[in-house]
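Visitor: Could you walk me through the ring pairs here, and tell me what lies behind each label?
Guide: Gladly; let us look together.

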Amino acid sequence: KQVISDKNWPHGGNIQLATGKILFEFRGQGDFVCSGTVIMDGSNGSSPNGRNGRSIIQTAAHCVYNDVLKEFATKAMFVPDQVSTKGVSSNANCDDDKLGCWKLSFGVVADGWAESEFPENVGYDYAYYVVYDDPETTHVGGYLRGLTGILDHDVDAVKIDFDYRVKDFTFALGYSSEHDPNYRYCSMHQSTIFGVSWYENLWLDQCGLGAGASGGPW
């Protein structure tokens, strides 16, 4: 098991396909970037449900809702497997992207995030984007043949795993803006840290992933 601070992910696989870059704005300004993962949306996040008319992306709450402005992000778009782009960097042309882009329908955050401000709400920094299974209005582009335009049909959603131990050897992945459009990762034994006195975070103390990787999978 090798400790990695920040490198390109070399293994491909379902996790690369399911992870993507999230682009969004607040009040019509900013080219904000986060990462997110298509997750199973059946019972307890442990099984898929292809008949409920939606796909779900798990990310960080600060990628969905601005706790200072008290507003949700606008113009949010998800680009899975963005590292497979034909472009040399991120751009507005979804035809460059292997699976294309999905326009996100709405976001969901916890009350604890929305009703407070950072760092007091750090324990609630998780969120979800929902995209309707309506390819005509939500999906754009993609150069891979046979795409359905339904996110969790074109991508194998991953299971949410609640079974962990504090000292597990852990991989964290995401799209750091400084290495656009590469898919990056770090790996090491996780520990914990008290970012605020009352909440103990899981922590990867040597991880060097940069801005844009927030919301990516562990």
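Guide: The structure holds twelve aromatic pairs. This is a predicted model, in which local features need pLDDT of at least 70 and side-chain atom pairs count only at pLDDT 80 or more, while totals for chains, interfaces and linings use all residues. Residues are numbered from 1 along each chain as its sequence is written, and side-chain values use heavy atoms, leaving out hydrogens and water.

Visitor: What makes Trp-9 and Tyr-185 an aromatic pair, and which geometry does it have?
Guide: Their ring centres are 5.1 Å apart with 85° between the planes. Rings of Phe, Tyr and Trp (its six-membered ring) pair if their centres lie within 6.5 Å; planes under 30 degrees apart count as stacked, over 60 as edge-to-face and the rest as tilted. So this pair is edge-to-face.

Visitor: Why is the pair said to tie parts together?
Guide: Trp-9 lies in the loop between β1 (4-8) and α1 (13-18) and Tyr-185 in strand β13 (residues 184-189), so the pair joins parts that are 176 residues apart in sequence. Helices (H or I, at least four residues) and strands (E, at least two) are DSSP runs, numbered from the N terminus.

Visitor: Why is Phe-24 called buried or exposed?
Guide: Buried means under 20% relative accessible area, exposed over 50%, partly exposed in between (1.4 Å probe, protein chains only). Phe-24 has 4% relative accessibility, so Phe-24 counts as buried.

Visitor: And what about Phe-32?
Guide: With a relative accessible area of 37%, Phe-32 is partly exposed.
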